[in-house]
Amino acid sequence: MPGLYLENIEKRFGGVVAVREVTLELPQGRFVCFLGPSGCGKTTLLRLIAGLERPSRGRIFLDEEDITEQPAHRRRFGMVFQSLALFPHLTVEENIAYSLKIRNVAAAERRRRSEELLELVRLPGYGGRGIAQLSGGQRQRVAIARALAIEPRLFLLDEPLSALDAKLREEMQLELRLLQQRLGITTILVTHDQREAMSLADWIVVMGTDNRVHQTGTPLEIYRRPADAFVAGFIGTSNLLRGVLGKDGRVRVGGLALRVETLPAGMSPGGEVTLSIRPEEIPLLPGGREGENHLSGRVTFVRDVGASIEIHLDCGGIPLVSASTPKNRPDLRQGDAATAFLPPAACVVLAP
Amino acid sequence: MVRSRMLPCVNLWLLVVLVFVPGASFGAEKSIKVGVYGGYFKDSFDKHIFPDFTKETGIQVESVAEPTGEAWLVQLEQAAKAGVAPADVNMIAQTPMLRGQKTNLWMALDLNKIPHHKNLLPVFIHKYPDGRVDGIGAVSWYITLVSNTRVFPQAPQSWAEMWAADKKDKLGLLALASNSFLLEVTATTFFGGTKLLDTREGIQKALDKLAALKPNVKLWYRDEAQFEQALKAGEIPMGQYYHDVATLAAKEHPVRSTFPKEGGILDSGIWAVTRACKKVEEAHVFINYMSRPDIQKKLALKVGTAPTVKRELTGLTDAEFAAVSSEIPPIVPRYDIYTGERSDWINQKWTEMITR
Amino acid sequence: MIAERPRGALARLPLLYPAVVLIVFFVIPFGIMLAVSFFRREPGGFYLAEFSLTNYANLFTALFGRVLAFSLFISAFCALLCVGLGFPFTYLLTRMPRPRQVVWLVLLVSVLSLSAVIVAFAWSIMLSQTAGVSNLLVRLKLLAEPRSWSPGFWALVCGMAYLAFPYTVLVLYPPLARLDPHLPEAARTLGASPLRTFFTVVVGSLRRAIIATLVMVFAFNLGTYLLPQILGRPQHWTLSVLITDEAIYRSNLPLAAAMAVFFMVVSLALVGLAMLGGRGRPGEEA
């Protein structure tokens with residue numbers, strides 16, 4: 001099967017484990033994001049793939065070839081570093097053509113290729129400039145062009161956009177996505193920004209602070225069906241309620257017994273669980289109401305950012321957040337009594 | 001030439017300091033400051049000579065370490081212009097004595113106040129060209145032909161042996177014309193005496209003869225310790241060196257010092273007083289004391305210098321005398337040529353000769 | 001808000017301090033030297049404060065030219081040697097774990113604390129026939145009989161390089177430690193072997209630091225005067241040795257000063273040329 005396959009990879013630095021027991025299969029042509037908080041080992045995993053680190057255990061296969069022992073400079077993986085690592089003593093063109101020069105490509109061909117790549121990253125005519133003369137976004141593009149110049153088998157990006165301001169970052173995300181789609185090249189991007197991962201990737205690998213992979217899947221799957229409380233909390237905002245699974249299949253939270261539509265396999269009654277409900281799935285009704293899966297309480301805070309409204313409730317000690325669009329804005333103010341409805345279909349039961 | 005194991009690097013700074021901070025003479029009545037070459041000489045004098053002098057005369061001695069080379073002369077000169085004397089009596093090498101004469105730096109000494117001058121060998125009464133006495137011999141020493149007994153079981157007889165083919169890359173010689181006195185050695189050994197050096201042609205002759213010696217020289221040294229170590233080890237098994245130090249070393253190492261038949265090189269230091277000195281009486285008392293045969297004997301035994309007084313007055317045994325001196329007439333350096341008009345020319349030629 | 005200008009001497013003190021230091025420790029001594037270099041030498045005596053160009057005229061001899069050329073040559077040679085050895089050394093050093101780096105740096109600094117005399121003596125013994133390393137080579141059957149390698153050109157090179165090496169490493173350490181570790185990694189991912197990475201990226205991006213270090217070590221070497229006397233033969237004596245001889249042994253301060261001034265001018269000119277040659281592209285970061 002073509003693609004990247006990591007088999008039981010582990011990486012230790014001295015006594016510290018940076019990557020723990022990772023087995024992953026990444027199909028060809030995908031845009032993959034390694035997502036996780038800092039220190040989760042996602043960059044180390046990327047460096048292991050690039051050959052810049054050697055795994056303490058496990059094997060790496062690309063298109064069924066074992067590349068674990070292959071040195072970095074033989075792998076032909078294009079990589080964009082967080083610091084970009086553009087060579088300060090070379091011009092833009094020399095930077096881009098560096099890998100071509102290593103491979104003894106003739107000067108004229110090097111020039112042609114780097115112009116082509118500059119065109120691709122929308123920097124035509126910048127070849128003669130020094131690196132110090134470029135803006136942050138321009139450097140980004142040069143770094144991308146340089147990594148693509150070797151016609152990489154894998155395109156690796158280590159948080160390349162984190163240094164950019166929000167607006168530029170979003171532009172670059174879009175460009176990166178379009179570029180990848182055009183070239184069809186298998187791409188792995190490391191990020192701690194779940195929004196970035198959601199908007200770029202068609203496959204996300206979520207890693208946790210325990211240095212393990214918690215979940216892999218499409219962005220929507222991961223958002224809708226987080227595998228555990230960590231993923232649910234890390235991807236988007238979520239109301240996480242701790243409870244106990246009853247014999248009747250309901251989840252008891254505080255004094256309430258909440259009905260849920262589906263229960264994951266392997267859960268036994270009496271066990272502790274976490275309920276995850278996305279804020280936008282919670283409708284609010286003014287005043288106190290009674291009913292199944294209804295929680296009444298008081299509005300503690302209203303955050304109106306224009307495009308969406310967040311209303312925070314305190315329902316007898318249980319904090320809840322509900323989000324709605326301006327159109328469906330419930331007429332509630334801080335201190336008002338309100339009732340939240342937790343639709344059984346939206347209640348995702350997770351291991352604690 | 002001045003002998004010391006101090007390194008000359010600090011001297012320029014001393015000079016600068018002295019130019020701006022003229023030292024003033026302090027001290028109570030009946031005291032004297034004596035400038036002695038820093039290092040071995042100062043240590044020896046502080047230990048063996050000055051305490052007894054104070055005991056006998058009641059004059060306190062404060063010894064001042066003189067830097068090597070001619071830096072001390074420059075300092076004395078600058079100080080004298082400002083009317084101060086960094087030291088009242090100074091041990092001065094021959095060449096700077098002559099240089100000091102040019103500026104009338106030295107105070108004329110009154111021989112009547114130095115009755116012991118009668119004991120001295122005539123060469124140790126130093127005079128201005130007009131006959132005024134400006135210095136009395138302080139210490140003298142010989143530079144002789146030294147060799148490693150393991151490498152050369154046979155003691156050399158003549159300076160001429162340095163030129164022999166079997167000495168290739170085996171000699172250690174002093175690096176400067178004015179401290180090696182090799183021009184004098186060459187003139188005496190091959191040209192019948194140092195009179196040869198009266199003319200440029202003569203000097204050139206001696207230089208040419210010395211140029212032939214170059215392949216035999218492994219080390220042109222400025223630092224005594226370096227040669228001494230190499231001599232003891234046999235690394236550089238022959239050369240010129242200080243007789244007293246070599247004799248001392250011979251007790252434990254395969255080293256010998258030989259007075260060649262042409263004579264050893266006799267170098268010396270002189271007690272001199274600058275015109276800025278304010279303790280003239282004490283200075284005379286000190287110089288007189290130092291000229292006493294018993295003191296010269298003590299110097300010979302304790303410090304290893306050759307006596308400046310006639311041998312028979314010292315009461316030194318043959319062995320004691322041989323350890324520091326010799327009856328063979330010495331080669332007396334032509335200090336005048338290193339201070340005269342030709343000095344710069346000689347130095348230039350010398351450096352050209354050995355660095356080529 | 002408009003910053004208030006410093007008023008009065010007290011407020012200017014921070015600015016005055018470097019000026020005072022510069023004047024006291026550089027301008028005044030150099031001024032004295034410059035002045036003395038124009039004074040008239042009195043043969044056999046001292047010098048007179050009269051303006052004269054003879055000292056400079058006296059410089060133009062074959063001897064002076066040869067010694068000057070040799071001084072510049074050996075300083076440059078040893079600088080190249082030190083940087084050639086020291087740059088890879090320092091690069092690997094900065095890649096070590098921090099505690100091990102500290103051990104090495106402390107070792108190097110302790111070498112700096114050795115005086116030139118000790119270093120010169122140690123080398124002259126190490127290269128001697130009677131007690132030197134050649135005896136070891138004989139025992140290892142690499143050499144037929146012990147040899148004497150000191151004094152000589154290579155003995156001098158050993159001594160000078162030994163003294164300048166720690167200095168070289170300490171000068172190279174900050175730029176190499178600051179080097180983005182991703183730069184060589186980027187080159188690796190772009191297909192460059194470790195060796196090629198080292199030369200094209202590490203050396204390339206630190207070209208200016210290397211040239212600056214070369215210049216500093218060169219200047220450091222120019223001052224050497226003790227080592228040539230102990231480890232060199234007379235033809236290896238540097239100008240500093242001649243200057244010392246003139247100043248200390250011959251009391252010819254005007255000539256010594258003229259030599260020193262001329263030496264300095266030539267050296268500065270060479271340093272300037274090197275700096276000019278090492279100027280980077282416009283906008284390139286240091």
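**Helix packing and chain contacts**

Biologist: How do α5 and α7 of chain C pack, going by angle: parallel, antiparallel, perpendicular or oblique?
Modeller: In this predicted model, α5(C) (residues 116-126) and α7(C) (residues 153-178) pack at an angle of about 140 degrees, with their axes 10 Å apart. Angles over 145 would count as roughly antiparallel, and 65 to 115 as roughly perpendicular. So the pair is oblique.

Biologist: And which hand does the crossing of α5(C) and α7(C) have, left or right?
Modeller: Take the pair we just looked at, with its axes 10 Å apart. α5(C) passes α7(C) in a crossing that is right-handed.

Biologist: What classes of residue make up the contact of α5(C) with α7(C)?
Modeller: On the α5(C) side you'll find C:Ala116, C:Val119, C:Ala120, C:Trp123 and C:Ser124, and they meet C:Ala155, C:Cys158, C:Gly159, C:Tyr162 and C:Leu163 of α7(C). Sorted by class, that comes to no charged residues, 2 polar and 8 nonpolar.

Biologist: Over to chains B and C: which element gives the most to the side of chain B that touches chain C?
Modeller: Chain B puts 38 residues into this contact, and chain C puts in 30 residues. Elements of chain B that each supply at least two residues include α1 (11-20), β7 (217-221) and α15 (343-355). The one that gives the most, with 8 residues, is α15(B).

Biologist: Which element gives the most to the side of chain C that touches chain A?
Modeller: This contact takes 22 residues from chain C and 22 residues from chain A. On chain C, α8 (182-189) and α9 (194-205) each supply at least two residues. With 6 residues, the top contributor is α8(C).

Note on methods
Residues numbered from 1 in each chain as written. Chains lettered and ligands numbered in written order. Predicted model: local features only at pLDDT ≥ 70, side-chain atom pairs only at ≥ 80, totals over all residues. Contact = placed C-beta atoms within 7 Å. Helix = DSSP H or I, 4+ residues; strand = E, 2+ residues; numbered from the N terminus. Axes fitted to C-alpha atoms, helices over the stretch in contact; angles between N-to-C directions. Parallel < 35°, antiparallel > 145°, perpendicular 65-115°, else oblique. Left-handed = near helix turned anticlockwise from the far one by under 90°. Nonpolar A, V, L, I, M, F, W, Y, C, P; charged D, E, K, R; others polar.
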